[in-house]
Amino acid sequence: MINFGKYRYDEHLESERLSTRKLVIDDVPAWSVFFEDYQATRFLPDHNFPNTEARAKDWIVRQLNRYQDGLYGLQALILKDTGEFIGMCGLITQDVEGVQELEIGYHLFKEFRGKGYATEAAQLFKHYAFTQQLNESVISIIHEKNTDSRKVAQRNGMTLEKACFWRNLNVVIYRAFAR
Ligand SMILES: CC(C)(COP(=O)(O)OP(=O)(O)OC[C@H]1O[C@@H](n2cnc3c(N)ncnc32)[C@H](O)[C@@H]1OP(=O)(O)O)[C@@H](O)C(=O)NCCC(=O)NCCS
């Protein structure tokens, strides 16, 4: 059983430029475009899917199951100015070396990178996790060579804790504590 704080993950969060909503199965066609970009997928756990649509469906169904099971789940990031679906961010429960952790994950479509959106979203979910007292710390699990993701973690106030082997990847764990 997860010991994290009471599961209340229905809110639509908002930051200066972004809002969030839960994913729906109709997001699959749009999300399949994410997997067409090698830069996006090269640091993610490898899966054998027949096509990007199948990979996107598996990804989104996993988030829907997380919502259902009270295990948080990534949410869609929406650009407030235009209503565009620009990527995903959110809280995910993860097992790291036998310890249940609360992770902040983030992924952007390539045309929305380099504008600070991932950092803004990650900060939003860190703030949410700590104000809701979900856990005393949050982590990000990052492929050791994923420099852009490491920079997001640093800008999100996280510090490098350790390197480890996780789901067949050499990763680093960044962590921030609630004050
Ligand atoms: C990881 C990922 C989300 C990082 O995206 P990103 O665009 O580099 O990060 P941000 O959205 O926070 O943008 C930060 C960059 O925008 C720049 N920027 C431009 N305008 C900005 C603004 N108004 N505010 C803040 N930063 C701004 C920053 O200087 C920074 O650039 P730098 O890294 O060259 O210094 C993205 O590379 C991605 O989706 N990768 C594929 C999936 C993935 O690897 N996910 C992570 C798995 S652990």
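These are my notebook entries on the ligand site and on three further residues of a predicted model.

**Entry 1: the ligand and its surroundings**

I began with the shell around the ligand, which holds 21 residues. Those that come nearest are Leu108, Gly114, Ala118, Thr119 and Asn146. Sorted by class, the shell consists of nine nonpolar, six polar and six charged residues.

**Entry 2: polar atoms at the ligand**

I then looked up which protein atoms face the oxygen atoms of the ligand. For Thr119, an N or O atom of the side chain is 2.5 Å from a ligand oxygen. For Gly116, a polar backbone atom is 2.9 Å from an oxygen atom of the ligand. For Tyr117, I again found a polar backbone atom, at 3.0 Å from an oxygen atom of the ligand. I next checked the area: the ligand taken alone exposes 960 Å², and the protein buries 70% of this.

**Entry 3: the pocket and the elements around it**

I asked which pocket the ligand takes up, and the space it fills is the largest pocket. I listed the elements that give two or more residues to the shell: strand S4 (99-108), helix H4 (117-131), strand S5 (137-143) and helix H5 (147-155). Which of them gives the most to the shell? Helix H5 does, with five residues.

**Entry 4: Glu101 in strand S4**

I stayed with strand S4, where Glu101 has its place. Is Glu101 buried or exposed? Its relative accessible area is 8%, which is under 20%, so I record Glu101 as buried. I also looked for a partner of this side chain and found Arg175: a polar contact of 2.8 Å joins the side chains of Glu101 and Arg175.

**Entry 5: positive phi outside glycine**

I turned to the backbone and noted Tyr72, which is not a glycine and yet has a positive phi of about 65 degrees. Tyr72 belongs to strand S2 (residues 72-79). With a relative accessibility of 2%, Tyr72 counts as buried, because the cut-off for that class is under 20%.

I made a second note of this kind for Gln133, which has a positive phi of about 55 degrees and is likewise not a glycine. I located Gln133 in the loop between H4 and S5. Is Gln133 buried or exposed? Its relative accessible area is 66%, which is over 50%, and Gln133 is therefore exposed.

**Entry 6: summary**

I close with the two positive phi residues side by side: Tyr72 is buried, whereas Gln133 is exposed. For the ligand, I retain that the protein buries 70% of its area.

Definitions and conventions:
Residues are numbered from 1 along each chain as its sequence is written. This is a predicted model: local features need pLDDT of at least 70, side-chain atom pairs count only at pLDDT 80 or more; totals for chains, interfaces and linings use all residues. Side-chain values use heavy atoms; hydrogens and water are left out. A residue is near a molecule or strand if one of its heavy atoms lies within 4 Å of it. A polar contact is a pair of N or O atoms within 3.5 Å; within protein, one must be able to donate a hydrogen and the other to accept it, and residues adjacent in sequence count only if both atoms are side-chain atoms. Accessible areas come from the Shrake-Rupley method with a 1.4 Å probe; for residues, only the protein chains shown count as cover. On a 1 Å grid over the protein atoms alone, a cavity is a set of points where a 1.4 Å probe fits but cannot get out, and a pocket is an open set with protein on both sides within 12 Å along at least five of seven lines; lining residues have an atom within 4 Å of a point. A molecule sits in a cavity or pocket if more than half of its atoms lie within 2 Å of its grid points. Helices (H or I, at least four residues) and strands (E, at least two) are DSSP runs, numbered from the N terminus. Ala, Val, Leu, Ile, Met, Phe, Trp, Tyr, Cys and Pro count as nonpolar, Asp, Glu, Lys and Arg as charged, and the others, Gly among them, as polar. Buried means under 20% relative accessible area, exposed over 50%, partly exposed in between (1.4 Å probe, protein chains only).
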